[in-house]
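Subject: Structure for your review

Hello,

I am passing on a structure that you have not worked with before. Please open it alongside this message; my notes follow below.

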Amino acid sequence: MRKSIYLRIVLIVLTVLVAVIFFLPNTPLFDYMPQWWKKNMPNKGIVLGLDLRGGSHLIFEVDLNRARQITVERIGMHLQNLLDKKGLKSSLKVEGEKIYIHPGNDEIKKLIRENYPDLSLSEKENSIVAQLPESALKKVETNSVEQAIEVIRNRIDQLGVSEPTIHRQGENEIVVQLPGVKDPRKAVEIIGKTAQLEFKLLDEETPLWKELPSLIKVGEEDDFLKQWSTKIPESDEIVFQKIVNKETGEVYKRPYIVKKEALLRGDLLAEAHVSIDQRFNEPYVSLRFNDAGAKIFEDITAKYVKHRLAIILDGNVYSAPVIQERIEGGNAQITGSFSLEEAKDLAIVLRAGALPAPVKLIQNVTVGPTLGKDSIEAGKMAVIIAALFVALFMIFYYRLSGLIADLALVLNIILLIGALAALNATLTLPGIAGIALAIGMAVDSNVLMFERIREELRLGKTPKASIESGYKKAFWTIFDSHITTLITAAVLFHFGSGPIKGFAVTLTLGVAINLFTALIGTKTVFDFIYIGKERKSLSI
């Protein structure tokens, strides 16, 4: 019996010690800790949420129509590659959400059905018309928003923003909350980049190539496109490269005529990082493709030796080098007039992956804490006064047993705060409500056990026997009530988002810790007091 009690005491002391260690980063004491301690600390403690700390509230809108179009374009590009490999001399054209193949025949239909069984096929003027059903396109929309959320989360994580809140809102909106970020310009810029990386051939064989001006002024792009877009071949398009005069700082645009078909896209990228050119001491971005991308890149560079290949990101040309020889290993470079910071930002969006469709910022609000400083201080005072009244009531009504319950309540708060710090949780107003509810349940559990013990004492049992019987009889009542609360918290966490999940997390931790402090903590104190002794009375 003694050994069991001492083991429980050691367990309680260890849990308190661990909780205090995890909570240290949120206290002034952390500043006085040794550097090796700070460096090896596994987390940064509890982080205040947007409603307590303030920060940036952003809403992005995913272009679902463009997501559908990109999907159809990719299918069309793949089908064209299949036709070329089979030696079928049919031309393929994508218009809207339909793919036209001319001329069409049964062999082409068979090829399409083998590779894309979801495509519905019809015939029009000796052409095959392929189209995805609406159900498949709706799935594309759903997947595009979900993928955009993951890409945005990856980009924000690499920016180092602590505990962002990212969730879907409505059909095609994504809410991003960045606690503590008062100037979100850089985050908005990186999040909003589509990062559609494409490798396209320059069409230097068209007669118009020699007529292109070398540079145009910034702001004249639209007029230039209106003038030239009708002149170039249908299979081509015009893209621009930003040129900065290093001496004067003036910015120009250099137009290029490129093939519309992308030979390689960034979805096959395996790695992107910043390197420094040793000759000119300028940063550039090194790329490495995965195995499939490396093979395609090798085939492209072997087939188009002495041709120029434009590296295009989000419609802007970064470089257009001449392919001198076949390149093995799938390594490439993006060069340009980068600053080190610009090169790092570009590497971030490439590593995090391309957005499945363009996103548009539709709301950008910098917010302060939901509660002002005076309101927060008043709230703290209210909590302290309420806790003090509860503690005094427990002592007045249950005497020494009430003091033991108060000690268990303090233990409950310490362990709960330590658990939140260990999880590096974000504390929000709903989260505080969850903590308050969990503490209330802790008091309620002790009241239930003490009333059971009183009933046993009235039956004439000894204090020690009354404690044992009272805890046994109250155990399942307390356990059942806590389990039902845990089920509710699990449902809230699964179906809720943002603040609702925060409430569910704190409530779940509070309930689990309350079971420990109520059923083990107070019981250990009672057992320690009555160990080896048979007292005639119990202060309850």
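Which residue of strand 6 does Ser120 stand opposite? The residue is Gln131. Please keep in mind throughout that this is a predicted model.

The four-stranded sheet

Ser120 and Gln131 belong to a pairing between strand 5 (residues 120–124) and strand 6 (residues 127–131), which is antiparallel and has 5 bridges. Further along this pair, Glu123 stands opposite Ile128. The two strands make a hairpin with 2 residues between them. In the turn, Glu125 has a positive phi of about 50°.

On its other pairing, strand 6 is joined to strand 4 (residues 98–102) by 4 bridges, again in the antiparallel sense. Here Ile128 is the bridge partner of Ile101, and Val129 is the residue opposite Tyr100. Ile128 therefore appears in both pairings, facing Glu123 of strand 5 and Ile101 of strand 4.The whole sheet has 4 strands in the order 3-4-6-5; it is open, and its pairing is antiparallel. Strand 3 (91–95) and strand 5 are at the edges with a single partner strand each, so one side of each has no neighbour in the sheet. On average, neighbouring strands are turned by 25° against each other, direction ignored. As for strand 6, 4 of its 5 residues are buried, so this strand is largely enclosed by the rest of the structure.

Helices against the sheet

Two helices are worth finding next. Helix 4 (residues 64–86) lies across strand 3 and strand 4, and runs at about 180° to strand 3. Helix 5 (residues 106–115) packs on the sheet and touches strand 4, strand 5 and strand 6. The direction of helix 5 makes about 160° with that of strand 5.

The loop between helix 4 and strand 3 contains Ser90. Is Ser90 buried or exposed? Ser90 has a relative accessible area of 10%, under the 20% cut-off, so it counts as buried. A polar atom of the Ser90 side chain lies 2.7 Å from the backbone oxygen of Pro103. Apart from neighbours within four places in sequence, Ser90 is in contact with Gln80, Leu83, Ile101, His102, Pro103 and Ile108.

The nonpolar cores

The largest nonpolar core has 27 residues, and those touching the most other members are Leu197, Phe199, Val285, Leu287, Ile334 and Leu350. Several elements supply at least two residues each, among them strand 9 (197–201), strand 14 (269–277), strand 15 (282–289) and helix 9 (291–303). Helix 10 (340–352) is also on that list, and helix 10 gives the most to this core, with 6 residues.

Leu350 is a useful residue to select when looking at this core. With neighbours within four places in sequence left aside, Leu350 is in contact with Leu197, Leu269, Ala272, Val285, Leu287, Leu313 and Ile334. There is also a second, separate core of 22 residues, which includes Leu58, Val145, Ala148 and Ile156.

A buried arginine

Arg265 lies in strand 13 (residues 264–265). Arg265 is buried, with a relative accessible area of 13%. What does the side chain of Arg265 make a polar contact with? The partner is the side chain of Glu198, at 2.6 Å. Not counting residues up to four places away in sequence, Arg265 touches Arg74, Met77, Leu197, Glu198 and Phe289. One of these, Leu197, is also listed among the core residues that touch the most other members.

Helix 1 and helix 12

Lys3 is found in helix 1 (residues 2–23). Lys3 is exposed, with a relative accessible area of 65%. Lys3 and Ile232 are 229 residues apart in sequence, and their C-alpha atoms are 89 Å apart in space.

Helix 12 (residues 400–422) has 23 residues. From its first C-alpha to its last, helix 12 reaches 33 Å, close to the 33 Å expected at 1.5 Å a residue. After helix 12 comes Asn424, which has a positive phi near 55°.

Regards

Key: Residues are numbered from 1 along each chain as its sequence is written. This is a predicted model: local features need pLDDT of at least 70, side-chain atom pairs count only at pLDDT 80 or more; totals for chains, interfaces and linings use all residues. Side-chain values use heavy atoms; hydrogens and water are left out. The expected span of a helix is 1.5 Å times one less than its number of residues. Two strands pair if DSSP finds at least two bridges between them. Buried means under 20% relative accessible area, exposed over 50%, partly exposed in between (1.4 Å probe, protein chains only). A polar contact is a pair of N or O atoms within 3.5 Å; within protein, one must be able to donate a hydrogen and the other to accept it, and residues adjacent in sequence count only if both atoms are side-chain atoms. Contact means heavy atoms within 4.5 Å. Axes are lines fitted to C-alpha atoms, for helices over the stretch in contact, and angles run from 0 to 180 degrees between N-to-C directions. A nonpolar core is a set of buried Ala, Val, Leu, Ile, Met, Phe, Trp, Tyr and Cys residues joined through side-chain atoms within 4.5 Å.
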